[in-house]
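Reader: I'd like a close look at one part of this model, and I'm happy to read a long answer. Could you pick a helix, go through it in detail, and then show me how it sits in the rest of the chain?

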Amino acid sequence: MSQSNYSADPAVVEMLERAKKDGVMTAFDRAEAMRPCPIGRDGICCKLCAMGPCRLVARKGEEPPRGVCGATQDTVVARNYLRIVAAGCAAHADHGRAAARLLLAVANGETRDYQIKDEMKLVKLAMDFGVEISGRNIEDIARDVAKIALEEYGKQEGELLFIKRAPLRRQQLWRELGVVPRGIDREITEALHRTHMGTDQDYENLLLHAVRVALADGWGGSMLATEIQDVLFGTPYPTVSQVNLGVLKPDHVNIIVHGHEPLLSEMVVLASREQRLVELARSKGAKGINIAGICCTANEVLMRHGIPLAGNFLQQEVALLTGVVDAMVVDVQCVMQSLPEIAECYHGRIITTSPKAKISGATHIEFNEHNALESARKLIEIAIEEFAKRGGNGYVPNYAVDFVAGFSHETITYLLGGLFRASYRPLNDNIINGRIRGVAGVVGCNNPRVTQDSAIVTLVKELIKNDVLVLETGCAAMACAKAGLMNPDEALRYAGDGLGEVCEAVGIPPVLHMGSCVDNSRILIAATAMVKEGGLGDDISDLPAAGAAPEWMSEKAIAIGMYFVASGVFTVFGVHYPTLGNETVSNWLFSDMEKLFKAKWAFEPDPEEMAKLMIKHIDERRKALGIDKARERILFDMAMRRQLEAV
Ligand code: NFS
């Protein structure tokens, strides 16, 4: 594969040429050198006990063999799948737990580094949790909210509290199917227990538990992470920023924050603005301190502070190839082990900060809520020292694209309905009248098995051309930002007439950046708000909406896809799918689920075909709602225009 097939991003292609010249390997090269094992890839390898590993590969025309324990291929594939969902859920759950623990520490006055930034959101959360608010000070309310949030993890019986946020019909369906999560940790533990040798050996029973675990992510851990982070760091509102490697500044101290939990990166941003540190940087010859982000930590600090994005998942190594990154500060998840070696070849220090995620060869500076700002200052001092050692070999490719981010659920309601009558009414009305055909959530990672960003951008262009409003998170959002699809002026060129008119009137791009991957919970809330607004059915599965992760790679992505489907969203994944070696389990996910959950999974690696599937589904839903006729062009009258413009 040539460098240009590795990525659709010219900045990456340029830097990979540099790596090639220098003989440095990246994930792109490793993917080429490492052929995926087809048995493991298709989910038909069982390595859960020491009687195996068993490869359940069927000979032509024969039944697949059984494992030594007697497990069928159906069981093995379903067990492996459940473990994937459980791992994804665990990652998001721990993220939410860290946020809840921080909120408790703030409420108890154990840390002075953080404050409660969005009291309104805290009060709303308190009301959802049944916490008394009248006549109480904000710390007391926060303490109760944090304690209840933490109890959601260890709860043994009952239902997760956020389940009540879903449309009533959906809640009822979950109860009837017995998939309402009881406690977040309980469901994850039970997943590991059920998949232990000789326990759950009924593929459907295993898959239904995968649904329950996934719901404990979307309506549990991820939603807690988003909500509590909004309380602590502020609910995002539209912010202008820049994306791609061109945001690195050769004459500045460059620090990249990378990973997922914004607890530390918030402090790095704060500390980087302190006069003493800025002066220290200047005393070493730098013009200032520049913070940029990679992966979802980047999305978190982008959404709340407008911090620029250096790039998505596959750009973490590439950013180091510039030789101008003085420190890359990482926390948890999606961090490649190769980073210290690449930094060694070029420049800069990799600093790990979580006791859960150390990397040999990196500098470890442990971070916790009690020493947060102090650790952030220390990290910046290290970066300044590194800057002083930087040689003259740096090269920053000249790509930086302007874009708008910060579309929380709250922001969208305000933008659509205005501050005093914030609502989804204008969105629903424009879907009903056909200017907007439907809504799509396009999320997930990059994967070096496919050309970076290419499937995501192709899919999204296809969707907006067909008047589908696109909501994005994670690395997919960054791909579209790089391609100019979040720049209102640039992106409108790609949008269909109807969608274009609405976006122009409201002043939003046709592709909305809603945040990090835990913020997919914002998409669940937005979908629920559309249902509650009325006129588009009474469940999420009635909405003309679909989801996709065209370049997924992580277990978290499967957990997300599963809670989208279980919440009623038709969801298509690209690249590959971890059950493809077995028909029974694949059929359950790609077909039978629809009978149970009124939504199903699909697998389609070609982005244009993927768009067709999503649009077909959207059109079917429009037909079922009786609004398919409304897609004929309707001219704007003044009243409509006024309604849209009254923001
Ligand atoms: Ni999501 Fe974020 Fe990116 Fe994939 Fe990794 S950063 S949590 S998992 S790679 S989108």
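**Helix 7 and its surroundings**

Author: Let's start with the overall layout. The protein is divided into domain 1 (3-55), domain 2 (73-233), domain 3 (245-389) and domain 4 (407-629). Keep in mind that this is a predicted model. The part I'd pick is helix 7, which covers residues 138-154.

First, the length check. Helix 7 has 17 residues, and at 1.5 Å a residue they should span 24 Å. The end C-alpha atoms are 25 Å apart, so the expected span and the model agree.

Now the buried side. The buried residues of helix 7 are Ile138, Ile141, Ala142, Val145, Ala146, Ile148, Ala149, Glu152 and Tyr153. Their arc around the axis is only 165 degrees, and therefore they sit on the same side of helix 7. What lies over them? The cover includes helix 5 (73-107), helix 6 (119-129), helix 9 (184-194) and helix 10 (203-233).

The N-terminal end of helix 7 has a cap, and that's asparagine 137. One of its side-chain oxygens is 3.2 Å from the backbone nitrogen of glutamate 139. Just before that comes the loop between helix 6 and helix 7, where you'll find glutamate 132. The side chain of glutamate 132 makes a polar contact, at 2.8 Å, with the side chain of serine 134. There's also a link in space back to the helix: the C-alpha atoms of glutamate 132 and valine 145 are separated by 10.0 Å, with their positions 13 residues apart along the chain. Val145 is one of the buried residues listed above.

Next, take one of the covering helices, helix 10, and look at histidine 209, which is placed there. Is histidine 209 buried or exposed? Its relative accessibility is 1%, so it counts as buried. Leaving out residues up to four places away in sequence, histidine 209 touches Leu82, Arg182, Glu187, Glu190, Ala191 and Arg194. With alanine 191 there's a polar detail as well: a polar atom of the histidine 209 side chain lies 3.5 Å from the backbone nitrogen of alanine 191.

Now zoom out to how domain 2 meets domain 4. Their C-alpha centres lie 23 Å apart. Domain 2 puts 39 residues into the contact and domain 4 puts in 40 residues. Between them they bury about 3400 Å², with 65% of it on carbon and sulfur atoms. On the domain 2 side, Tyr81, Arg169 and Arg170 lose the most area to domain 4, and together they account for 19% of what that side buries.

Over in domain 4's stretch of the chain, cysteine 517 is worth a stop. It is placed in the loop between strand 13 (511-513) and helix 23. With a relative accessible area of 12%, cysteine 517 is buried, because the cut-off is under 20%. Setting aside neighbours within four places in sequence, cysteine 517 is in contact with His92, Cys296, Thr473, Gly474, Ile560 and Tyr563. Its C-alpha atom is separated by 9.6 Å from that of glutamate 300, although the two are 217 residues apart along the chain.

After that loop comes helix 23, which makes a nice counterpart for the same checks. Its 14 residues (520-533) should span 20 Å at 1.5 Å a residue, and its end C-alpha atoms are 20 Å apart, so the numbers agree here too. Helix 23 is mostly covered, with 12 of its 14 residues buried. Among them are Asn520, Arg522, Leu524, Thr528 and Met530. Glycine 534 follows helix 23 and has a positive phi, near 100 degrees.

Finally, some backbone oddities you may want to look at yourself. Cysteine 295 isn't a glycine, yet it has a positive phi of about 60 degrees. It is found in helix 13 (residues 295-305), and it is buried, with a relative accessible area of 1%. Cysteine 334 also has a positive phi, near 65 degrees, and it lies in the loop between strand 7 (327-330) and helix 15 (339-345). The peptide bond from glycine 52 to proline 53 is cis, with omega near -5 degrees. Proline 53 is placed in the loop between strand 1 (45-46) and strand 2 (54-55).

Methods:
Residues are numbered from 1 along each chain as its sequence is written. This is a predicted model: local features need pLDDT of at least 70, side-chain atom pairs count only at pLDDT 80 or more; totals for chains, interfaces and linings use all residues. Side-chain values use heavy atoms; hydrogens and water are left out. Helices (H or I, at least four residues) and strands (E, at least two) are DSSP runs, numbered from the N terminus. The expected span of a helix is 1.5 Å times one less than its number of residues. Buried means under 20% relative accessible area, exposed over 50%, partly exposed in between (1.4 Å probe, protein chains only). The arc is that of the directions from the helix axis to the C-beta atoms. Contact means heavy atoms within 4.5 Å. A polar contact is a pair of N or O atoms within 3.5 Å; within protein, one must be able to donate a hydrogen and the other to accept it, and residues adjacent in sequence count only if both atoms are side-chain atoms. Domain bounds come from an automatic or database domain assignment. Buried area is the accessible area (1.4 Å probe) that two parts lose on being put together, summed over both.
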